[in-house]
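Reader: I have the model open on my screen. Walk me through the terms used for it, and tell me what backs each one.

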Amino acid sequence: MEKNSSCCFSNLSSNLPITCFVTFIAIILVRILYVIWRTCKPLRKRTSQQPLSTLVVLGSGGHTAEMIDLLLVLQKNKFTPRFYIAAATDNMSLQKARVLENSLADSSGVKEISAEFMQIYRSREVGQSYVTSVWTTLVALAHALWLMIKIRPQVVLCNGPGTCIPLCVIAFIFKVVGIRWSSIFYVESIARVKRLSLSGLLLYKLRIADQFFVQWPQLQRKYPRAHYVGCLM
């Protein structure tokens, strides 16, 4: 009898790590499904009038120009402080953001701007080999994680640059583990008429963005979960 009891106890002990691991995975999967389900729901109306810390992801070329046009129509007092992030090799975008913030401060009579400007490593440079991009991608993810821990934004605004992907993925992970619920707003570039950009497609298919906006009606018909808002430029 004692021998049978010891055998049963031994079997339970040997299966305990597996049971704990399976339970942990199940909890994570349930949490991911809950986050995806809640992300797909319409945003709740805010009762608090407290401003929202906002992360603005900038990109080279037309991405920054479109983002600045979008920021001009936002209620600045509701989305503050603002944190601007651009690729480490993209100094022009941050210069444009500084000009915008300085003009906003001058027009409102504020001496100090409520904005910070940061740079992030790129996962892969143009022409870089895929072999070396594995290391640079890991470095970029680690840097993005550090920035997101530091900022912990309530709102993330992005419109297509590849630098937004690691930031949005980490924001999604923060939702899953309960660190911070960051609402991700993605506005597809006006240059995308018939199909989404790679960044937009990833965020759409993975259901990472809380609100997904397109500027052409044919895109909304092709991607029904997107919201058509017309041309913002």
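**After helix 6**

Author: Start just past helix 6. R207 follows helix 6, and its phi is positive, near 60°. Keep in mind that this is a predicted model.

Reader: Which residues of helix 6 are buried?

Author: They are S199, G200, L203 and Y204. Each has under 20% relative accessible area, the cut-off for buried.

Reader: What makes these buried residues line one face of helix 6?

Author: Look down the axis of helix 6. The buried residues fall within an arc of 125°, so they line one face. The face turned away from them carries L198 and K205, which are exposed.

Reader: What do the buried residues of helix 6 pack against?

Author: Their partners are strand 4 (155-158), helix 5 (164-177), strand 5 (183-187) and strand 6 (211-214). The contact cut-off is heavy atoms within 4.5 Å.

Reader: Now strand 2. Why is strand 2 called largely enclosed?

Author: Strand 2 covers residues 82-87, and 6 of the 6 are buried, so the rest of the structure largely encloses it.

Reader: How do you know that strand 1 and strand 2 pair?

Author: Pairing needs at least two bridges. Strand 1 (residues 54-57) and strand 2 have 4 bridges, in the parallel sense. So by the definition they count as paired. In strand 2, R82 stands opposite T54. From strand 1 the chain passes through helix 2 (residues 62-72) to strand 2, a right-handed β-α-β crossover.

Reader: How many bridges join strand 2 to strand 3?

Author: There are 6, and strand 2 and strand 3 (residues 115-120) run parallel. R82 has A115 as its bridge partner in strand 3.

Reader: What span does helix 3 reach, and what is expected?

Author: Helix 3 (residues 91-108) has 18 residues. Its first and last C-alpha are 26 Å apart, close to the 26 Å expected at 1.5 Å a residue.

Reader: What makes the buried residues of helix 3 line one face?

Author: The buried residues are S93, L94, A97, L100, E101, L104 and A105. Down the axis of helix 3 they fall within an arc of 135°, so they line one face. The spacing fits a general rule. An α-helix has 3.6 residues a turn, so residues three or four places apart point the same way.

Reader: Which residues of helix 3 are exposed on the other side?

Author: M92, V99, D106 and S107 are exposed there. The cut-off for exposed is over 50%. The buried residues of helix 3 pack against helix 2, strand 2 and strand 3.

How values were computed: Residues are numbered from 1 along each chain as its sequence is written. This is a predicted model: local features need pLDDT of at least 70, side-chain atom pairs count only at pLDDT 80 or more; totals for chains, interfaces and linings use all residues. Side-chain values use heavy atoms; hydrogens and water are left out. Buried means under 20% relative accessible area, exposed over 50%, partly exposed in between (1.4 Å probe, protein chains only). Helices (H or I, at least four residues) and strands (E, at least two) are DSSP runs, numbered from the N terminus. A crossover is right-handed if, with the strands pointing away from the viewer, the path from the first strand over the helix to the second runs clockwise. The expected span of a helix is 1.5 Å times one less than its number of residues. The arc is that of the directions from the helix axis to the C-beta atoms.
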